[in-house]
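I set out to record what could be looked up in this structure, beginning with one chain and then turning to its partner. The entries below follow that order.

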Amino acid sequence: MTTPKLSRRLAPLPALLALALPAVPAPTWAGTVHGTVRVPDAIRSGRMNQGYWRLENGNVPVRPSTRKPGTVVVLEGISGTHPPPPKTVSVEISALNASPRFVVVGPGSVVEFKNTGKITHELSIPADPTLMPIERLNAGTFRHQKFGVPGGYLVRCAEYPSVAISVIVVDSPFFAIVDDKGGFSIPGVPDTKATLKVWAGGRWAHQETVDTSGKQDLAIRVQAAKGAKEADVKDAEGKEGDDSKDPDSKGSAE
Amino acid sequence: MFLSKIWFVLVALFAGFALSIALTAPRPMAQRLEELEGQRLDRAQYATEQMLKVDAHKWIDRVAKLGRDAVLAEALDGASRGSGELAVQHRTVQSRVMALLPDLTGAGISTIVALDANGRVVARVGEDDKSFGESIGGAEIIDDALRGFLSDDVWGAGGHLLRVAAAPVLSKGRDRVVGALYVGAETGDGFSERLKKNLDVDIALLLRGKVVASTLPADVVGRLPDLIEQHRTEIESLKRTPALPIEAGNETYLAVAAPFPGQAAQQQAYYVLIGKKPARADLPSLLASTSARDLGWASFPWISLLLTIAGAIGVGLFLQRWEVDRPINRMRGELRNLIRVDGAKLDDHKYPGGFGGIAREMNAAMEHIASLGGLSGAHAVGGAAHLPSGDMPAAGSAFGAESHFAQPARGLAGPPLIPGLGAPPPPAFAPPPTLGSDGPPPLPGALPEEDEAHVREVFEQFVATKRECGEPVTGLTIEKFSQRLRDNRAALMTKHDCRTVRFSVYVKDGKASLRATPIK
């Protein structure tokens, strides 16, 4: 008795569902944005500040640089996404080495600069001294710096400019660190149009609008900075250092 | 006068032109000199850049040669492998370097540092030679050297600039890098003085907004950091600035700044070449900068200038004499002659320009005087005022007596004014003694009775005086005499704005003459 009644009651449901479905947006399929970034020789060589000469010794092959170029690709302008949560990242400065040399964090994150060496440093952001003014960082001390606004920041030691840390604050979860061969891959990107930005050599070196629904490999060529001095002798590791693989091609470098 | 005026205009134009040149020529000249000084600084900057480049190669060669030393290679190899005592290796390396380079200062070297393959300092020679063992790996030039590169850099640490060159130290078998050496070259006052000596320009070295070395006093280079900071963008793109003016006291300098290469470029490290700007172009500055040597006979054309000035004055004086003095003298001479010649006139054709006009005016004046009737031939110019009859008084005598005009006013008070008479004319009019008439005929015109009586009285005195002097009185009638006196009286009253005119008779040169006295 009840079954026929129920059948009769449910009979209009498919029709109602059929009417209601077109009003709901169709789900977009997420894909992977991948490609290669070719940076100028000055960045690849691991020597940002060139003197007049850079010559090979003529006896022993030049070893590749152990210094990562620190190239980061970020996709911005994708709606409906959330930035990475804020966190505290530590950067250790030992002698004239900083580790890591670049970090990618969400807005509101704090970077802790620790001086574990014996040399006193004077850290600041030269391009934005109001955000991070110059301050002495004696041996064995640390300094906290909060980064609230998305953007790229180059923290540099005024006394030893080779000590430079890139802090990239992103408001999008879609970013990747370029590997030693220049390749990058950002998975889970919705099909849409987005702005692709490349941080290389301590600056936003490239920006373009990309259609993430396209399946082709992106080939990005970063131009040298205006007035930048190119090395007289190219680095032997012209292929981004084949022997130093970076397994972590996504996420922050901390 | 025409040529004089032309000459005056020409001299004025020439003087104005010369003054204009004198005021305007220094400005483009100063600009040109400034451009040349700027170009000189540009060339000096290029030469400095080449010198720094050559220096860098020299230091690289020197440190590379040092790195080929077997003792150093062995010591650094041991340090890199961790075999042996670091202190022993420190002493070994230090003594070996000092043996190879005994005079660091003479070679312009501040420091030589030997590192093992891990970037750890094994030994220092020169500055801070007691410390060793710390790592300075991470410095780009050190990393490069440990990878096998020979390169150079400029450091700016501790408020000092240091040009450094580094080279790898290879193992004895020359198959691997066992360490590195770097040499730091002095880049301070000594470097600045050497540059100044070679380039003949002053130098200032800047680091992080401060002048760290200079061949000029602080008051000159004190503003350099701010000035360079204003042109930072320009320097980043062009690797240099144009010639920038610097004011320091009364002096103005030009400065061209260029960045040091290497990591010092990130520390606002610049070398600035400074030259003195040429003097200002305004007249006081030019005069102030004039020296005695500039005014010497050898450097200043005194003779030409004096000859030109003397020539201009001579031509002007000549034209003045030719066109002014000469006609005036001639006119004066002619006037003197005219006084003695009756009826003559000035020959106005002989006089140029305005003097011809003056001669014509004078002729016209004399004709007018003659038409008024002469009172005395002796007083009329050139005799032109003589009466046609030869007996009538010339009106000119009235004007010739102008020298007596100071007295007429006093004459009204009573003292006699008429020379030769000794007393004022009698008020009554007496009939003429001889004119062939019975009684005094009535005077024509509408003279007041008093004046009519005066005219008659003067007429009688005049006739009497002429007779006394033996002059003829034939044709001399009271009507003509009265008419002339009325004309003269009217002319004199107009001229002197007086109430009336009184006439008196006197003798001059044996002839009867009349004197007119205006009464205010």
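Entry 1, chain B. I worked from a predicted model. I first looked at the contacts in chain B with a separation of 6 or more, and found that residues 24 or more positions apart account for 55% of them. I then counted the secondary structure: chain B has 16 helices and twelve strands. I also checked burial, and noted that 38% of the 520 residues in chain B are buried.

Entry 2, the interface. I found 39 residues of chain B in contact with 33 residues of chain A. On the chain B side, I listed the elements that each supply at least two residues: α2 (26-67), α5 (140-147), β3 (149-157), β4 (160-170) and α9 (232-238). The largest share, seven residues, I traced to β3(B). Sorting this side of chain B by class, I obtained 14 nonpolar, eleven polar and 14 charged residues.

Entry 3, strand pairing across the chains. I looked for what β3(B) joins in chain A, and found strand β2 (residues 54-56) of chain A, with three bridges and an antiparallel course. Within this pairing I noted A:Glu56 opposite B:Phe149.

Entry 4, confidence in chain A. I read a mean pLDDT of 80 for chain A, with 77% of its residues at 70 or more. Confidence is highest in strand β7 (residues 109-115) of chain A, at 97, and lowest in helix α2 (residues 13-20) of chain A, at a mean of 43. I marked residues 1-8 of chain A as having pLDDT below 50 and zero contacts beyond near neighbours in sequence. I marked residues 10-27 of chain A likewise, with pLDDT below 50 and zero contacts beyond near neighbours in sequence.

Definitions and conventions
Residues numbered from 1 in each chain as written. Chains lettered and ligands numbered in written order. Predicted model: local features only at pLDDT ≥ 70, side-chain atom pairs only at ≥ 80, totals over all residues. Contact = placed C-beta atoms within 7 Å. Helix = DSSP H or I, 4+ residues; strand = E, 2+ residues; numbered from the N terminus. Nonpolar A, V, L, I, M, F, W, Y, C, P; charged D, E, K, R; others polar. Pairing = 2+ DSSP bridges. Buried ≥ 20, exposed ≤ 12 C-beta atoms within 10 Å, placed from the backbone. pLDDT = per-residue confidence, 0-100.
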